[in-house]
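Biologist: I would like to learn how to read helix packing and a chain interface. Please take the features one at a time.

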Protein chains: 2
Amino acid sequence: MKNTRIGIIGAGPSGLAQLRAFEAAEKKGFDVPEIVCFEKQENWGGMWNYSWRTGVGKYGEPIHSSMYKYLWSNGPKECLEFSDYSFDEHFKKPISSYPPRPVLFDYIQGRINKSNAKDFIRFNTTARWVSFDEDTKKFTIILDDLKNDKTYSEEFDYLIIASGHFSTPNMPHFKGIENFPGNVMHAHDFRGADQFKDQNILLIGSSYSAEDIGIQCHKHGAESVTLSYRSSPIGVDWPEGVKEVPLLTHFDGETAHFKDGHSENFDAVILCTGYQHKFPFLPDELRLKTTNNLYPDNLYKGIFFNEVPQLIYLGMQDQYYTFNMFDTQAWLARDYMMNRFEIPNKEERRKDIDSWLEKNDKLKSSVDHVDFQTDYIQELINLSDYPDFDLNKVAAMFKEWLNDKSENILTYRDKTFKSVVTGTVAAEHHTEWMDELDDSKERYLIREAKEKELS
Amino acid sequence: MKNTRIGIIGAGPSGLAQLRAFEAAEKKGFDVPEIVCFEKQENWGGMWNYSWRTGVGKYGEPIHSSMYKYLWSNGPKECLEFSDYSFDEHFKKPISSYPPRPVLFDYIQGRINKSNAKDFIRFNTTARWVSFDEDTKKFTIILDDLKNDKTYSEEFDYLIIASGHFSTPNMPHFKGIENFPGNVMHAHDFRGADQFKDQNILLIGSSYSAEDIGIQCHKHGAESVTLSYRSSPIGVDWPEGVKEVPLLTHFDGETAHFKDGHSENFDAVILCTGYQHKFPFLPDELRLKTTNNLYPDNLYKGIFFNEVPQLIYLGMQDQYYTFNMFDTQAWLARDYMMNRFEIPNKEERRKDIDSWLEKNDKLKSSVDHVDFQTDYIQELINLSDYPDFDLNKVAAMFKEWLNDKSENILTYRDKTFKSVVTGTVAAEHHTEWMDELDDSKERYLIREAKEKELS
């Protein structure tokens, strides 16, 4: 298939999953297409590639990663485990269920490091503009080699958009915010709680960013943490020093006024107000336009752009499942591009999409959401040779996790789960999460080893 | 000339100067071409259009403005006055020589507000990609209407790049900076000194940003301000609480180590390390590639791109002169596009550029720099009908300003100068700059009026 060219935009978990999927087929003896992956950062890992920078990077491109120091997985690692590369295979011993970012980044890299994947990736290269020729059915991508300051274009038969959707902040304006004297930032630019020690922090939002950044600021010594919600609070049993309040209406200097009429002074404001799906390099007829939800419209099987199915979007869903979902998507996309999976005509695809949208519309609780995404992934697994795993057990772990969080937001990360890939029960971490202020891989693993020696 | 189409990218001081130049020709009875100006922000003013946001804007595009609260002109307004629209005409009374940002923004808008310039500007519209057809000699620009999420393309005979070069941070890495616990930002993201009250601040750099942000932090209550220089210090007589030290070598936690062997702890770091000329929407054969200097290479008369002179860059020089330089450039560009100014062939243009580059190479002092840019502007004035003004007197004011700053960095803004456009001597501001903590136009003008009543 060397006459077929595949372009991948982004070498994060989704783009790397796509490279891995082709590698797996090649190992099974299949002839695979020519692949080029474009990554604007210096390294792979996407969101997991932490940057100390905020705003724009070395070459003036918007910073992709929203990662911050002291980020620990906010879901059990057993819910995201690759079914073709277990945590046991990578770490050679059981580790805890909620590892910090550097440990998860190490795991992601472990699977792909053994292959020649890096040969397919052009780093420091950003896609400037994509066009699609209806006659030749080819995509032309204009690329910008940032390091060498050179632009050029290449043609592809298939284009994979794997550039993520947690990079472009959604940042609403609040009256008076321009005169708030303290630090104002979006969660995207948050790099760790140290600078907020002894401060009174206002977080706007009620999703994962607000919950996690709020708890981190509390853990690392903020004087107080206030979370302001639009429609409904997160509603867990917050520790002393953390509280939820209704929506901010406006600022008057350093004073924030809320919908319930009360007001308070703050030192800093962090807008945890979500992200936009943003594809500046695509013409609008090829752009996925969606809010963050479990089944973005116009994507057949959640990945094939219905207007032009040679255009494939990976990982564009709101996510309970992450790495393993990207894998199931990438495996199916691969089979389509290798003519091993046929897709029906546009109308049939539309019907299939609509049936998922209908189901999505009816979901009410978080448990419903978990079940919906579980069903979606089960369908994908049934359609490719991605190694099967017990999705019902994973769904059950997600529900347990939801329960753990609502029981105690400070201790849920001390729980352990059992891998559906290997059957291994996670190790208890040597230190309770609330007492663990060091998130380095070295401390995580060395101490884990010492602990083992002692026991 | 309605068959000639002119595209302008950016509606800041340079882009607005270009619109004004055509307006002036039209008023004199000339038939002017069709003009479209694209501005990615919601409003005009470019750098002068303050945004509370950092990182990316409402629609996910990199924030253009590097403006911050409490920014006062750092040069006499008499050195940047439009010669066709005086400060007297706008404010109807003398004002001080160093007004704050909102007052200067008001002045810029005053000239253009009277015209129908807004009709030519498409706001919330960013240029994604430009191509030039060697045969038709036309530019095709792909545009992104951010508000309506629509892309489209249009053809132009001439293209004006007026997108500035103080928007894309240059941000070098320093060993250990990723573990510095406090706030780390580039000057581009600085929005005012309030949040640094009582803190020990490290500024890296020795140009205008470091000088101005450092002095603002001192004025607004920072505990200490330390400026770290690479090659040579700013070298003025700093007040107590502000000092200059050699280059930072690395961080160890919150401790900064310097080239001279000493170390200190800091609460926050602001990288005042300059900006990159960045044109992501241009193919590299049309891109101006230059450091920040007084005569960027490949620009005939400082504006016409030598390879394709229909491509015109405004304001790409390092700047002593600002608004009035953009004007002289825009007037000459207009005359070229209206076939009123002929340019020689490529080789002749090359020779002319080289002669300026040679002179530029020999400059030593700041006074030399002022004289060089004065000569450049005098040449442009001689080539168009932009209203002449006494450039020697302006150059003399720049030299006085350099002297004032080195004499007292805290009081130089209390000095007054005489307009070369109207002969008016600036008013003394009602409050000494060091005591003036409010930079609003209202306070600046109302109190000015009260002062007048009292005297």
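Biologist: Which residues in α6(A) meet which residues in α7(A)?

Modeller: This is a predicted model, where local features need pLDDT of at least 70, side-chain atom pairs count only at pLDDT 80 or more, and totals for chains, interfaces and linings use all residues. Residues are numbered from 1 along each chain as its sequence is written, chains are lettered from A and ligands numbered from 1 in the order written, and side-chain values use heavy atoms, with hydrogens and water left out. Contact means heavy atoms within 4.5 Å, and helices (H or I, at least four residues) and strands (E, at least two) are DSSP runs numbered from the N terminus. On the α6(A) side are A:W356, A:K359 and A:N360; they meet A:F372, A:D375, A:Y376 and A:E379 of α7(A).

Biologist: At what angle do α6 and α7 of chain A pack?

Modeller: Axes are lines fitted to C-alpha atoms, for helices over the stretch in contact, and angles run from 0 to 180 degrees between N-to-C directions. Helix α6 (residues 346-361) and helix α7 (residues 366-383) of chain A pack at about 160°, their axes 11 Å apart. Angles under 35 degrees count as roughly parallel, over 145 as roughly antiparallel, 65 to 115 as roughly perpendicular and the rest as oblique, so α6(A) is roughly antiparallel to α7(A).

Biologist: How is the size of an interface given?

Modeller: It is often given as the accessible area lost when the parts come together. Buried area here uses a 1.4 Å probe and is summed over both parts. Between chain B and chain A it is about 3,600 Å², with 49% from carbon and sulfur atoms. B:W52, B:W129 and B:M171 supply 18% of the area that chain B buries against chain A, more than any other three residues.

Biologist: How many salt bridges cross the interface of chain B and chain A?

Modeller: A salt bridge is a side-chain nitrogen of Lys or Arg within 4 Å of a carboxyl oxygen of Asp or Glu. The rule finds eight across this interface, and 78 over all chains. A:D284 forms a salt bridge with B:K150, the closest N and O atoms being 3.5 Å apart.

Technical notes
Buried area = accessible area lost by both parts, 1.4 Å probe.
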